[in-house]
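Here is a short briefing on one protein chain. Look over the sequence and the fold, then read the points below.

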Amino acid sequence: MRAIVVEEPGGPEALVWTEVPDPVASAGEVVVRVAATAVNRADLLQRQGRYPPPPGAPPYPGLECSGVV
């Protein structure tokens with residue numbers, strides 16, 4: 001799949017559009033085909049290197065999304 005990744009902390013230039021492995025659901029999880037996402041304060045802080053992703057979350061910004069399970 002394609003995703004925006006933060007290769008190193010920084011400004012907007014730190015965001016890189018790249019190919020990443022498809023997600024695989026573990027027991028009790030689902031995979032969502034994302035239709036839309038948003039950027040919130042946690043995402044901005046993550047880009048700056050000041051907020052690590054929550055445990056178990058992918059390292060990509062976009063903690064809020066909607067789509068199809």
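**Pocket, fold and selected residues**

S3 contributes four residues to the lining of the largest pocket, the most of any element. The model is predicted. The chain carries one helix and four strands, and their order along the sequence is β-β-β-α-β.

**Overall fold**

- The protein chain has 69 residues, and 17% of them count as buried.
- Its C-alpha trace spans about 35 × 20 × 20 Å along the principal axes.
- Take the contacts with a separation of 6 or more: 48% of them come from residues 24 or more positions apart.

**The largest pocket**

- The volume of the largest pocket is about 1100 Å³.
- The pocket is lined by 31 residues, and those closest to its centre are Met1, Val34, Pro58, Tyr60 and Gly62.
- Four elements give two or more residues to this lining: strand S1 (2-6), strand S2 (15-19), strand S3 (33-38) and helix H1 (41-47).
- How does the lining of the largest pocket divide by class? It has 22 nonpolar, three polar and six charged residues.

**The salt bridge**

- How many salt bridges does a search of the whole structure find? The search finds one.
- The partners are Arg2 and Glu19, whose side chains meet at 3.8 Å, N to O.
- This pair links distant parts of the chain, with Arg2 in strand S1 and Glu19 in strand S2, 17 residues apart.
- Side chains of opposite charge can pair when their charged atoms come close.
- Arg2 has a relative accessible area of 43%, so it counts as partly exposed.

**Thr18 in strand S2**

- Thr18 sits in strand S2.
- Is Thr18 buried, exposed or partly exposed? Its relative accessibility is 25%, so Thr18 counts as partly exposed.
- Leaving out residues up to four places away in sequence, Thr18 touches Met1, Arg2, Ala3 and Val5.
- Arg2 is thus on the contact list of Thr18 and also a partner in the salt bridge.
- Thr18 and Val68 lie 50 residues apart in sequence, and their C-alpha atoms are 22 Å apart in space.

**The loop between S3 and H1**

- Val39 lies in this loop, and so does Asn40.
- Val39 counts as exposed, because its relative accessibility is 65%.
- Asn40 is buried, because its relative accessible area is 18% and the cut-off for buried is under 20%.
- What does the side chain of Asn40 reach? It reaches the backbone nitrogen of Ala42, at 3.0 Å.
- Asn40 also touches Leu63 and Glu64, with residues up to four places away in sequence not counted.
- Val39 and Gly62 are 23 residues apart along the chain, and 5.7 Å separates their C-alpha atoms.

**The loop between H1 and S4**

- Gly49 is in the loop between H1 and strand S4 (64-68), and Gly62 is in the loop between H1 and S4 as well.
- Gly49 counts as partly exposed, because its relative accessibility is 49%.
- The C-alpha atoms of Gly49 and Val6 are 9.0 Å apart in space, with their positions 43 residues apart in sequence.
- Gly62 counts as partly exposed too, because its relative accessibility is 26%.
- Which residues does Gly62 touch, not counting residues up to four places away in sequence? They are Thr37, Ala38 and Asp43.
- Ala42 is 20 residues from Gly62 along the chain, and their C-alpha atoms are separated by 8.9 Å.

**Gly62 and Ala42 across topics**

- Gly62 is among the residues closest to the centre of the largest pocket.
- Gly62 also has its C-alpha atom 5.7 Å from that of Val39.
- Ala42 offers its backbone nitrogen to the side chain of Asn40 at 3.0 Å.

Key
Residues are numbered from 1 along each chain as its sequence is written. This is a predicted model: local features need pLDDT of at least 70, side-chain atom pairs count only at pLDDT 80 or more; totals for chains, interfaces and linings use all residues. Side-chain values use heavy atoms; hydrogens and water are left out. On a 1 Å grid over the protein atoms alone, a cavity is a set of points where a 1.4 Å probe fits but cannot get out, and a pocket is an open set with protein on both sides within 12 Å along at least five of seven lines; lining residues have an atom within 4 Å of a point. Grid points are joined across faces, edges and corners, and a volume is the space filled by probe spheres set on the points. Ala, Val, Leu, Ile, Met, Phe, Trp, Tyr, Cys and Pro count as nonpolar, Asp, Glu, Lys and Arg as charged, and the others, Gly among them, as polar. Buried means under 20% relative accessible area, exposed over 50%, partly exposed in between (1.4 Å probe, protein chains only). A polar contact is a pair of N or O atoms within 3.5 Å; within protein, one must be able to donate a hydrogen and the other to accept it, and residues adjacent in sequence count only if both atoms are side-chain atoms. Contact means heavy atoms within 4.5 Å. A salt bridge is a side-chain nitrogen of Lys or Arg within 4 Å of a carboxyl oxygen of Asp or Glu.
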